[in-house]
Amino acid sequence: MTHLLKPAQVPTSIRTVFSSLSAVSYIRVSTGRQAERGGEREGFSIPAQREANRRQAHGLGALISAEFVDRGQSGRSTNRPELQRMLTYLRKHPVDYVIVHKLDRLARSRADDIAIIQAVHASGARLISSTEGIDATPNGTLLHGIMASIAEFYSRNLAQEVMKGMRQKAIQGGTPGRAPIGYLNVRRQTEDGREYRAIQLDRERAPHIAWAFDTYATGEWSVTQLTSALTDRGLRTRATASRSPAALTVASLHRVLTNPYYKGIVTLNGAQHAGSHEPLVTAKTWETVQHLLTSRRQGERSRIHTHYLKSTVRCFNCQRRLLVHNARSKSGRVYDYFVCSGRQNGTPRCTQSALRISDVERRIEEAYERIQISTHRRKEIELRWQDRLAAEASGSEQKRSELAAQAQEIRLRQEKLLEAYYSDALPRDLFIKEQRKLADSLSRTEAEEERLSDDVAFRMKHLAESLDLLEDACDRYLAAAPADRKQLNNALLDRVLIGPNPEDICVELRPEIAKLGLHGTEEEDFV
């Protein structure tokens, strides 16, 4: 918070003596808890820093004309509201001194420290620490550099130690950070009075989350429907200092359903550990939910009647999706059909008759006999495409070399720009503008270089994977379980148009598979 001190607030005798020198005071505390410690609005640290800075200004014969207080702001970034307001204030008002309690209140990074000092000096002011003897002398400059380096070391070492502690906590089954919805972070005490942090079930929200997993695992609900139902049941997120309780969104519920924490797993930086918290769902239920979520990404929305061909086959007549329909005869026997969705809600309505699912299954199996390639044919295709990709690789080598040289040139320009800025040869605004331009240019160049480097290797890998699927594809398909057949269909087939007559079938391969030229037809590009 910024405090501007008006001249009328200062006693006349003091204004007369000190009117020629002015100063600003900068104060920072790292956490909101520090700013409120002791039940006071400003805690203990802020008043202590304010008093030390005031005494320092008095010793310098200066009046503090403005005070800038960052509450709960980390020093690892210069993106702090009051710091930025102070730098703006310095550009608009004549100031002799910028007073801080300690240098680490200003910055925890050597680079940030240098940038801030440059901005302070550019305004004509001097930086003063009320507890450290820094000044414009060689000794003071040396001490400033040492203290800034110590602050940066402290910050980085602290971050490393924190991460080490979080990793050890996760290994032991603890929960680093805030527990997800359905659980609560709590403080407990041992018998000897030591306090420790633990996780317990949120009795208000945990039943809703468990119900969501069990309900979705039935296969009869979509995530959207489940989100609406949870809202109607009264589930709301926990309130925080900055957010009021709110209903879950579809995206947030999806994150819940895919979070292994609910089956008792703690994840940190991709590594999973058995958690000590109480699971809300069984491992089986969680896996069932993951399988349903994955399969529905292929376009299946309703699981009331499902089949492994449902996302593959389409109507030969109108190309709309085919739906599973169960018809029951008078004797009670159930017959399974694929029925065009256009018969129910199409405009115009489709007239294609229903297809027995067993007949469709057989015709897809026959189609696989035409799709598969022999080992000999596989080798021919592989050799042809390997030669083509090798030629492309050699052709792109020159381009990659040019991009590498261009990236190195940009890096050298960045170094020169930085040197010019630190030597006061560039104003801050121009430096920031040019620095952003070079960074964008380097990012584009490196991205293009990486794309060319990875492109050939990726295409070679994809070629081998595609040919692995195509070789003896029919035999593999016939021996596969329904779920595996679905995966094979999704990998090889874009769609299959199918109708009631034997000749009414059109198998369309996925574009990257069709480009291989399986039966002698060569395409210009692959992938």
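The loop between α14 (428–470) and α15 (473–479) is where you'll find D472. In this predicted model, D472 has a phi near 55°, a positive value in a residue other than glycine. D472 is partly exposed, with a relative accessible area of 36%.

Q319 makes a natural companion to it. This residue sits in the loop between β10 (313–315) and β11. Its phi is near 70°, again positive in a residue other than glycine, and Q319 is partly exposed, at 37% relative accessible area. Here are the two loop residues side by side:

| Residue | Phi | Relative accessible area |
|---|---|---|
| D472 | near 55° | 36% |
| Q319 | near 70° | 37% |

Now for the sheet that involves β11. Three strands make up an open sheet in the order β11-β12-β13, and the pairing is antiparallel. At the edges stand β11 (322–328) and β13 (355–356); each has a single partner strand, so one side of each has no neighbour in the sheet. As a reminder, strands of a sheet pair through backbone hydrogen bonds, either parallel or antiparallel. Strand β12 (residues 334–340) pairs with β13 in the antiparallel sense, over two bridges. If you want to find that pairing on screen, look for F338, whose bridge partner in β13 is L355.

Next comes helix α12, which covers residues 357–371. With 15 residues at 1.5 Å a residue, α12 should span 21 Å, and its end C-alpha atoms are indeed 21 Å apart, so the two values agree. Which residues of α12 are buried? They are I357, V360, R363, I364, A367, Y368 and I371. Looking down the axis of α12, these buried residues fall within an arc of 155°, so they line one face of the helix. The general background is simple: an α-helix has 3.6 residues a turn, so residues three or four places apart point the same way.

Helix α8 (residues 223–233) can be read in a similar fashion, with V223, L226, T227, A229 and L230 as its buried residues. Seen down the axis of α8, they fall within an arc of 165°, so they line one face of the helix. What about the face turned away from the buried side of α8, and which exposed residues does it carry? Those are T224 and D232. Just after α8 comes G234, which takes a positive phi of about 100°.

Key
Residues are numbered from 1 along each chain as its sequence is written. This is a predicted model: local features need pLDDT of at least 70, side-chain atom pairs count only at pLDDT 80 or more; totals for chains, interfaces and linings use all residues. Side-chain values use heavy atoms; hydrogens and water are left out. Two strands pair if DSSP finds at least two bridges between them. Helices (H or I, at least four residues) and strands (E, at least two) are DSSP runs, numbered from the N terminus. Buried means under 20% relative accessible area, exposed over 50%, partly exposed in between (1.4 Å probe, protein chains only). The arc is that of the directions from the helix axis to the C-beta atoms. The expected span of a helix is 1.5 Å times one less than its number of residues.
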